[in-house]
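I opened a new notebook page for this chain and set out to look up its fold, its cysteines, its unusual backbone angles and one residue of its core.

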Amino acid sequence: MKKIIYTKSFIVFLIIPILFGCSDNLNRNEAENLIKSKLQLPKEDIRALCVYDATLSNSITRDNFEQLQNEGLLTYSECGSGLNSGYCATLTDKGKQYAVSEEYTTDNMYINNINVRAATIDFGEITGIIEHKEFNVAEVQYTIVRKDITPFGKIAFNIQDGMIAESAMFRKYDDGWRIE
C-alpha cells in the first residue's frame, strides 16, 4: 500500500511538472507581455503640431489651420513680417484639452510646435510565432491598434482607426526569452 502511495506521489510531484512546466518554447502570453513592456503599451500617440510656420511652404500649414479652426480647435492669423511672415495659431479651450506641452521652437527658426495627443496605441494580438530552435531565436508577428483618435489625429495627422501589423525578434537566453 505504501509503495502505491509513493509511486503516485512520485508521478504527481516529479513527472507531471517535468512534462508540463519545462517548455522552452516562446508562448503567446510571454511574447505579448515582453512586447507590451518594451513598447510601454498602452500609450498615447503624441505628435508635434505646428503652430507657427514662416516657411515657403506655409500654404499647406494654412490649409491645415483652416480645417482645425473649422472644428473649433484653434484660431489662426497671419503674423510676422518680411522673411518671418507666416501663420500663427493659438489653441482654443477645446484644443487645449489635447495639448501635452507648451509651444516650443524647433531647430528650424521658422517653425514652432506644440505637442498634442493624436490617438491611443494599444496591443492587438499575436498573429504568429516562428521559432528557429537551432539559433535560439523566434520571430513574432503581432498587431498594434490605434484607437481613440482625437480631432487633431484625424485632421492634422490623417490617423485612422485600425490595426497595424508588426514583427519583433526574440532571443533565448539562459534566464528566458528577451526581445531584441
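**Entry 1: a cysteine to begin with.** I started at Cys-88, for which I read a relative accessible area of 25%, so this residue is to be noted as partly exposed. I keep in mind throughout that the model is a predicted one.

**Entry 2: the partner of Cys-88.** Looking for the bond, I found that the sulfur atoms of Cys-79 and Cys-88 lie 1.8 Å apart and that the two residues form a disulfide. I then turned to the angle about the S-S bond, which comes to 80 degrees and makes the link of Cys-79 and Cys-88 right-handed. Cys-79 has 16% relative accessibility and therefore goes down as buried, whereas Cys-88 is partly exposed. For the chain I wrote down a count of one disulfide.

**Entry 3: Cys-50.** Why does Cys-50 have no bond to the closest cysteine sulfur? I looked up the distance and found that the closest such sulfur, in Cys-88, is 9.3 Å from that of Cys-50, which is too far because a disulfide needs the two sulfur atoms within 2.5 Å. I also noted that Cys-50 is buried, at 17% relative accessibility.

**Entry 4: the fold as a whole.** I stepped back to the secondary structure and noted five helices and eight strands in the chain. Their order along the sequence, as I copied it down, is α-α-β-α-β-β-α-β-β-β-α-β-β. I also looked up the contacts between residues at least 6 apart in sequence, and 57% of these join residues at least 24 apart. Of the 180 residues in the chain, 31% are buried. The chain exposes about 11600 Å², and I noted that carbon and sulfur atoms supply 52% of this area.

**Entry 5: the loop between H2 and E1.** Before reading the backbone angles I reminded myself that most residues other than glycine have a negative phi, and that most peptide bonds are trans. In the loop between H2 and E1 I found Gln-40, whose phi is near 55 degrees, a positive value in a residue that is not glycine. Gln-40 is exposed, with a relative accessible area of 60%. I then looked at the peptide bond that joins Leu-41 and Pro-42, which is cis, with omega at about -5 degrees. Pro-42 is found in the loop between helix H2 (28–39) and strand E1 (43–53).

**Entry 6: the loop after H5.** I found another positive phi at Asn-158, about 55 degrees, although this residue is not a glycine. Asn-158 lies between helix H5 (151–155) and strand E7 (162–173), in the loop. I noted a relative accessible area of 58% for Asn-158, and it is therefore exposed.

**Entry 7: Phe-152.** Is Phe-152 buried or exposed? At 0% relative accessibility it counts as buried, and I found its place in helix H5. Leaving out residues up to four places away in sequence, I listed what Phe-152 touches, including Leu-49, Leu-68, Leu-73 and Leu-91, as well as Gly-95, Tyr-98 and Val-116. Arg-117 and Phe-157 are also among the residues that Phe-152 touches. I took one of these pairs further: Phe-152 and Leu-73 are 79 residues apart in sequence, and their C-alpha atoms are 8.1 Å apart in space.

Definitions and conventions
Residues numbered from 1 in each chain as written. Predicted model: local features only at pLDDT ≥ 70, side-chain atom pairs only at ≥ 80, totals over all residues. Heavy atoms only, no water. Helix = DSSP H or I, 4+ residues; strand = E, 2+ residues; numbered from the N terminus. Buried < 20%, exposed > 50% of the residue type's maximum accessible area, 1.4 Å probe, protein only. Contact = heavy atoms within 4.5 Å. Areas by Shrake-Rupley, 256 points an atom, 1.4 Å probe, with all protein chains shown as cover.
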